[in-house]
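The exercises below each set a task and then work through it step by step. Please keep the sequence and the coordinates at hand while reading.

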Amino acid sequence: MKLEQAASQLEALGNPTRLNIYRILVRAGEEGLPVGSIQERLGIPASTLSHHCKRLIETGLVSQERQATTLICRAEYPSMQALIGYLADECCADGSCPPEPARRKARERA
């Protein structure tokens with residue numbers, strides 16, 4: 001993964017609404033969710049949801065598929081794994097990782 005792609009994906013996920021949409025889709029699994037279901041869960045206008053979905057699609061984190069009259073959104077798991085891998089690949093490459101208790105405390109704060 002290139003730096004620019006990772007930055008674009010992280011920027012897209014930096015918006016609270018988009019992050020919420022993405023987390024909903026990740027939880028939905030490979031089946032994905034109809035746009036209407038996402039809209040109901042979030043309680044946002046269709047135009048707002050469409051805008052945010054478009055940004056997630058542009059970055060490759062989400063895909064859409066039309067099934068008759070229903071538009072299904074899905075998380076793109078390979079893209080998610082690539083981004084996670086990009087962030088973690090060089091963990092502690094230039095130094096020592098924090099001791100286990102420090103990592104546990106950091107996770108608890110997040």
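**Exercise 1. Describe the overall build of the protein.**

Of the 110 residues of the protein, 28% count as buried, where buried means under 20% relative accessible area, exposed over 50%, and partly exposed in between, with a 1.4 Å probe and protein chains only. This is a predicted model, in which local features need pLDDT of at least 70 and side-chain atom pairs count only at pLDDT 80 or more, while totals for chains, interfaces and linings use all residues. Residues are numbered from 1 along each chain as its sequence is written, and side-chain values use heavy atoms, with hydrogens and water left out.

Step 1 is the secondary structure: the protein has six helices and three strands, which follow one another from the N terminus as α-α-β-α-α-β-β-α-α. Here helices (H or I, at least four residues) and strands (E, at least two) are DSSP runs, numbered from the N terminus.

Step 2 is the extent: the radius of gyration is 16 Å, well over the 13 Å that the globule rule gives for 110 residues, so the protein is more spread out than a compact globule. That radius is taken over C-alpha atoms, and the rule is 2.2 Å times the number of residues to the power 0.38. Along the principal axes, the C-alpha atoms fill a box of roughly 55 × 30 × 20 Å.

Step 3 is the contacts, meaning heavy atoms within 4.5 Å: among those with a separation of 6 or more, 59% join residues 24 or more positions apart.

**Exercise 2. Work out how helix α2 packs against helix α4, and place His52 in that contact.**

Step 1: α2 (residues 16-28) and α4 (residues 46-58) pack at about 75°, with their axes 10 Å apart. The axes are lines fitted to C-alpha atoms, for helices over the stretch in contact, and angles run from 0 to 180 degrees between N-to-C directions. The two helices are therefore roughly perpendicular, since angles under 35 degrees count as roughly parallel, over 145 as roughly antiparallel, 65 to 115 as roughly perpendicular and the rest as oblique.

Step 2: α2 contributes Thr17, Arg18, Ile21 and Tyr22, while α4 contributes Leu49, His51, His52, Cys53, Arg55 and Leu56.

Step 3: His52 of α4 is buried because its relative accessibility is 9%. Leaving aside neighbours within four places in sequence, His52 touches Asn15, Thr17, Arg18 and Ile21. His52 and Arg18 are 34 residues apart in sequence, yet 5.8 Å apart in space, C-alpha to C-alpha.

**Exercise 3. Repeat the analysis for helices α1 and α5, and follow Ser79.**

Step 1: the axes of α1 (residues 3-13) and α5 come within 11 Å and cross at roughly 110°, which means that α1 is roughly perpendicular to α5.

Step 2: Leu3, Ala6, Gln9, Leu10 and Leu13 of α1 meet Ser79, Leu83, Tyr86 and Leu87 of α5.

Step 3: Ser79, a residue of α5 (residues 77-88), counts as buried because its relative accessibility is 18%. Beyond its neighbours within four places in sequence, Ser79 is in contact with Met1, Gln9, Gly60 and Leu61.

**Exercise 4. Is Ala68 buried or exposed, and what is its phi?**

Step 1: Ala68 sits in the loop between β2 (62-67) and β3 (70-75).

Step 2: with a relative accessible area of 71%, Ala68 is exposed.

Step 3: the phi of Ala68 is positive, about 60°, although Ala68 is not a glycine. Most residues other than glycine have a negative phi.
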